[in-house]
Amino acid sequence: MGFVVGYILGFALGFGLMVGFARYQNTRSRSRTDLAAAVAALSRMTVQDSRKLLPDQFYPSWLVFSQRQKVNWLNHLIEKIWPYVDEAASEIIRSSVEPILEQYRPAVLASLKFSKLTLGTVAPQFTGFTIIEGEPKEIVMELDLQWDGNPNIVLDIKTRVGVALPIQVKNIGFTGVFRLIFKPLVDEIPCFGAVCYSLREKRNLDFTLKVVGGDISSIPGISTALEDTIRDAIEDSITWPVRKIVPIIPGDYSYLELKPVGILEVKLIEAKELTNKDVIGKSDPFAKIFIRPLRDRTKTSKTKDNQINPIWNEHFEFEVEDVVTQNLTIKIYDDEGIQAAELIGCAQMPLRQLEPGKVKDVWLKLVKDLEIQRDNKNRGQVHLELLYCPMSSESAFMNPFDPDFRLTSLEKALKQVTDDGADQDPPKAALKKKDIIIRGVLSVTVMSAEELPTTDFMGKSDPFVVLTMKKSDQKNKTRVLNDTLNPVWNQTFDFVVEDGLHELLILEVYDHDTFGKEKMGRCIMTLTRAILEGEFTDIFHVDGTTKGKLNLHLKWTSQAIIK
């Protein structure tokens with residue numbers, strides 16, 4: 001009996017092992033087949049396919065998908081024709097750059113012009129090119145350019161005291177992106193009417209200045225002033241959106257010239273948590289804002305002494321030439337008195353992210369360098385209100401004071417004169433921005449707050465809100481609600497506002513204590529949105545808290561008052 005049982009068990013075990021091995025082999029074979037199919041599919045994937053599977057923000061900073069192609073053939077061509085390019089380009093540079101050098105000539109100089117100008121024997125190297133998607137009747141090409149040349153550039157300068165000096169520009173090193181636009185496409189050889197060229201991106205530009213037969217450092221201030229002048233001249237003469245037009249087929253190409261396409265209204269509201277650069281006390285921050293980094297187009301704010309959470313409430317206006325490629329740049333500095341200001345941080349806002357005619361309220365994080373953003377240090381944030389107004393179209397928003405009066409017309413009236421100024425009486429047609437006031441009543445309903453921080457020992461708070469109009473210093477406050485982190489007030493306060501365009505509403509949230517009060521956080525806003533929309537309800541983050549929010553309803557009743 002035992003033999004039979006042993007035989008049956010041995011047979012069952014052997015059969016089971018054979019079945020298991022066969023199944024394992026089949027499963028392994030299917031896995032290898034699936035893996036081979038997956039590898040084959042991956043080998044057929046393009047860059048576009050991989051970027052669809054994984055968005056750009058998930059890639060490490062060192063990984064770059066380049067669409068640029070090598071252009072060794074172009075470098076060989078440039079080397080061959082460089083002597084002729086040098087002669088032709090030198091004359092073009094002399095005639096086009098000299099007037100701009102004179103325009104940006106430092107006050108300490110009486111004259112500034114070229115005495116020698118050749119580009120040397122070393123041709124630039126093009127390291128790659130790409131075709132940019134553009135309009136139907138144009139071809140846009142961008143080329144990566146690198147040049148470590150040996151040019152012979154000598155500037156003749158004459159100071160106000162009559163001293164003449166020859167200044168040599170040496171050791172030029174440049175990397176950037178050069179843009180060519182072939183436009184318009186036509187049915188005549190060579191199939192395009194004109195070529196526009198421009199320096200699309202200036203990544204690096206280094207050079208040294210030397211007095212021929214002397215040392216430029218022996219004349220205080222000349223070296224820095226000249227360097228700034230040369231950089232401004234390059235920026236204003238060839239850097240995008242500036243472009244040079246070369247007609248190929250005779251015709252009128254004036255529409256290709258650089259022209260403003262819109263106006264950007266910037267309101268610098270505040271900053272918070274700025275890095276303290278001072279050993280004693282706090283930083284004295286001020287801001288420089290620009291779209292094009294030219295001295296006459298850079299706006300500077302007032303300095304706020306001893307503040308790391310400054311409130312500026314200042315308004316600036318900028319011309320926009322290319323909303324697709326241009327950025328608004330803001331740099332926050334610490335004023336060091338007679339010494340050079342120290343950079344706290346900088347930020348950038350692409351203009352293409354703005355919706356024409358609509359106010360955008362943004363907080364921008366400050367970084368150390370806009371090009372190499374590897375610094376994780378908290379340098380603070382800056383609060384801006386932006387409004388982009390195209391020149392070629394009307395805004396969809398209506399002026400709440402007059403339904404038949406477009407916002408763009410209101411903006412023109414506030415900047416200079418109204419659109420229909422020709423039909424007005426002469427005194428009214430000449431009205432300036434300073435003569436027009438947006439006056440009215442702002443009704444603020446403090447509905448509720450959510451997720452306020454705990455400040456009391458019992459795990460609750462006794463919150464209330466103080467409302468302040470910054471310019472007029474009008475104040476109101478809600479009632480105190482005990483033992484809650486999610487208070488509901490539903491209280492309405494009316495403020496008579498004399499100048500709505502330049503007023504700020506500040507809401508500060510406090511915890512009421514027996515012997516005083518403890519500040520939880522604050523919320524600062526302009527009245528622009530209320531003026532444009534008339535009435536709205538929204539949720540606002542309480543700065544100074546982790547998750548605290550205020551639910552507000554704002555209503556504006558206004559009329560334009562002429563002094």
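## Tyr-197 and its stacked partner

Tyr-197 counts as partly exposed, because its relative accessibility is 21% and the buried class ends under 20%. Keep in mind that this is a predicted model, and every value here is computed from it.

Tyr-197 has a ring partner in Phe-178: the two ring centres are 6.2 Å apart and the planes meet at 25°, so this pair is stacked. The contact ties together distant parts of the chain, with Phe-178 on strand β5 (residues 164-185) and Tyr-197 on strand β6 (residues 192-211). Along the sequence, the two residues are 19 residues apart.

## A stacked pair between β9 and β12

Next comes Phe-286 with Tyr-333. Their ring centres lie 5.6 Å apart with planes at 20°, so they too form a stacked pair. Here the link joins strand β9 (residues 285-290), home of Phe-286, to strand β12 (residues 327-334), which carries Tyr-333. These partners are 47 residues apart, again bridging distant parts of the chain.

How accessible are they? Phe-286 counts as buried because its relative accessibility is 10%, and Tyr-333 is buried as well, at 17%.

The two stacked pairs described above belong to a total of four aromatic pairs.

## Charges over rings

Aromatic rings also meet charged side chains in this model. The charged end of Lys-272 sits over the ring of Trp-363, at 4.5 Å from the ring centre. In another such contact, Arg-529 lies over the face of Phe-536, 3.9 Å from the centre of that ring.

Technical notes:
Residues numbered from 1 in each chain as written. Predicted model: local features only at pLDDT ≥ 70, side-chain atom pairs only at ≥ 80, totals over all residues. Heavy atoms only, no water. Phe/Tyr/Trp six-rings, centres within 6.5 Å; stacked < 30°, edge-to-face > 60°. Helix = DSSP H or I, 4+ residues; strand = E, 2+ residues; numbered from the N terminus. Buried < 20%, exposed > 50% of the residue type's maximum accessible area, 1.4 Å probe, protein only. Lys NZ or Arg CZ within 6 Å of the ring centre and 35° of its normal.
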